[in-house]
Amino acid sequence: MRVGPLALVVFLTLAHVAEAGPMARDAVRTAGVPTAETVPETPATQANVRPRVHLVATGGTISNRRGGRLTAKELVALIPGLDGYVTASFEQFSNTASSALSLDQWLQLSRRINTLFREDAGLAGVVVTGGTDTLEELAYFLNLTVRDVRPVVVVGSMRNPSTLGYEGAANLLAGFRVAAHAASRGRGTLVVLNDEINAAREVTKSDALRLQTFQTRGYGILGVVDRDRVVYYRNVERRHTRDSEFDVFAIDRLPRVDVLLTYQGAPGDLIRAAIDAGARGIVLATAGAGASSGTQDEGLAHAASKNVPVVITTRTGSGRIASAGSRRIAGQDLAPIKARLLLMLALTRTSETAELRRIFEEY
Ligand code: ASP
């Protein structure tokens with residue numbers, strides 16, 4: 001569909017007004033001066049109809065209250081002013097630490113979110129709560145497998161509900177606002193904590209304890225959730241969500257892929273052991289721009305002899321692998337743990353080196 005510039009301005013402004021919450025809407029009603037910021041309400045704005053956002057709670061510190069974990073229902077009840085922004089619904093997918101969730105459960109979760117979107121055309125977006133330890137992995141997995149333009153927003157917290165300064169409710173409110181916002185569509189899965197919006201592909205947990213732990217090194221945040229509104233500053237260029245070729249309804253099981261680290265004197269027999277234990281792919285987190293340790297050669301030769309693809313990444317935290325030689329696959333700028341997820345999904349479709357290279361260049 002082609003949208004003219006005027007229609008686009010009106011649409012985005014209405015979306016902004018719809019998102020801005022009850023106070024902003026009152027201001028729109030009383031100000032009476034139709035500026036770019038205060039487009040008059042028309043039937044199309046449906047100002048009193050809040051966008052519908054569905055919470056799928058999986059657990060994590062955000063719900064880990066002493067004496068009993070908070071349920072999805074209790075999480076929603078914690079958020080002051082939520083009704084001013086959205087009509088919320090919720091469900092409990094699981095209620096555990098992120099480490100207790102299996103990859104099979106991840107597949108189920110992705111299928112569930114795909115189904116929610118498929119069966120509810122009026123749903124604006126989905127919020128997923130989860131543990132922060134593997135939150136960036138879960139978010140990237142959903143980024144690659146939820147095939148819809150509507151936003152999935154992954155939220156967690158660093159302090160639990162029994163701790164002074166628990167930030168979970170604030171993160172949830174921000175997550176709901178982002179999920180409800182029309183400008184969040186088509187940006188892939190988003191990670192929202194600390195009033196910042198990060199892209200699932202790029203964000204990483206950078207600190208074991210600090211509240212500002214989720215960072216996008218190198219590229220920076222996509223946008224912010226401020227008191228008055230949600231603001232975006234940039235986009236993600238790689239393929240995701242609606243444009244993904246990965247279909248979780250066609251995948252029974254994800255193949256085993258292991259991540260191994262390069263360090264001084266790293267032994268090659270760990271690579272051999274992973275392959276002999278059933279790994280169908282290896283991600284090597286090299287110390288710099290792609291060089292493995294010479295002591296790993298034996299394992300890499302074993303991988304080649306068994307036709308097990310090896311994806312080369314960097315353990316440095318940012319930067320790109322430009323070339324991985326003729327036999328290996330450059331993991332581009334993906335973090336090793338994200339390259340692992342992409343390789344697992346890619347291996348459900350192909351084991352051809354050229355195809356795997358294409359996938360790593362596109363996603
Ligand atoms: N151990 C927790 C988890 O990942 C940490 C958190 O949620 O922040 O489930």
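**Exercise 1. Decide whether N307 is buried, partly exposed or exposed in this predicted model, and describe its backbone.**

Step 1. Locate the residue: N307 is found in the loop that lies between helix 8 (297–305) and strand 13 (310–314).

Step 2. Count the neighbours: 9 other C-beta atoms lie within 10 Å of N307. A residue with 12 or fewer such atoms is classed as exposed, so N307 is exposed.

Step 3. Look at the backbone angle. Most residues other than glycine have a negative phi. N307, although it is not a glycine, has a positive phi of about 55°.

**Exercise 2. Carry out the analysis for D195, stating its place in the chain, its phi and its exposure.**

Step 1. D195 has its place in the loop between strand 5 and strand 6 (196–199).

Step 2. The phi of D195 is near 65°, a positive value in a residue other than glycine.

Step 3. Within 10 Å of D195 there are 18 other C-beta atoms, and D195 is therefore partly exposed.

**Exercise 3. Establish the environment of S184, working from its position to its contacts.**

Step 1. S184 belongs to the loop between helix 6 (168–180) and strand 5.

Step 2. Because S184 has 27 C-beta neighbours inside 10 Å, it counts as buried; the threshold for that class is 20 or more.

Step 3. Leaving aside residues up to four places away in sequence, S184 touches G125, P151, V178, A179 and L190.

Step 4. For a distance across the chain, take V153, which is 31 residues from S184 in sequence, while the C-alpha atoms of the two are separated by 9.3 Å.

Step 5. Set this against the chain as a whole, in which buried residues make up 43% of the 363 residues. Of the contacts with a separation of 6 or more, 70% are between residues 24 or more positions apart.

**Exercise 4. Work out the strand order of the open sheet and explain which strands have a side without a neighbour.**

Step 1. The chain has 10 helices and 14 strands, and eight strands form an open sheet with mixed pairing, in the order 2-1-3-4-5-6-9-10.

Step 2. Strand 2 (87–96) and strand 10 (230–232) stand at the edges with a single partner strand each, so one side of each is left without a neighbour in the sheet. From one strand to the next, the twist averages 25°.

Step 3. Examine the pairing at one edge: strand 1 (residues 52–59) pairs with strand 2 in the parallel sense over seven bridges, and A57 stands opposite Q92 in strand 2.

**Exercise 5. Describe how helix 5 packs against the sheet and against helix 9.**

Step 1. Helix 5 (residues 135–145) lies across strand 4 (152–155) and strand 5 (190–193), and runs at about 170° to strand 4.

Step 2. Helix 5 and helix 9 (residues 336–347) pack with their axes 10 Å apart, at an angle of about 35°, and the crossing is right-handed.

Step 3. Helix 5 contributes E137, Y140, F141 and L144 to this contact, whereas helix 9 contributes I337, K338, L341, L342 and L345. Sorted by class, the contact of helix 5 with helix 9 has seven nonpolar, no polar and two charged residues.

**Exercise 6. List the residues around the ligand and sort them by class.**

Step 1. Surrounding the ligand are G60, T61, A97, S98, G131, T132, D133, G156 and M158.

Step 2. This shell divides into two nonpolar, six polar and one charged residue.

Definitions and conventions:
Residues are numbered from 1 along each chain as its sequence is written. This is a predicted model: local features need pLDDT of at least 70, side-chain atom pairs count only at pLDDT 80 or more; totals for chains, interfaces and linings use all residues. A residue is near a molecule or strand if its C-beta atom, placed from the backbone, lies within 6 Å of it. Ala, Val, Leu, Ile, Met, Phe, Trp, Tyr, Cys and Pro count as nonpolar, Asp, Glu, Lys and Arg as charged, and the others, Gly among them, as polar. Two strands pair if DSSP finds at least two bridges between them. Helices (H or I, at least four residues) and strands (E, at least two) are DSSP runs, numbered from the N terminus. Axes are lines fitted to C-alpha atoms, for helices over the stretch in contact, and angles run from 0 to 180 degrees between N-to-C directions. Two residues are in contact if their C-beta atoms, placed from the backbone, lie within 7 Å. A crossing is left-handed if the near helix is turned anticlockwise from the far one by less than a right angle, and right-handed if clockwise.
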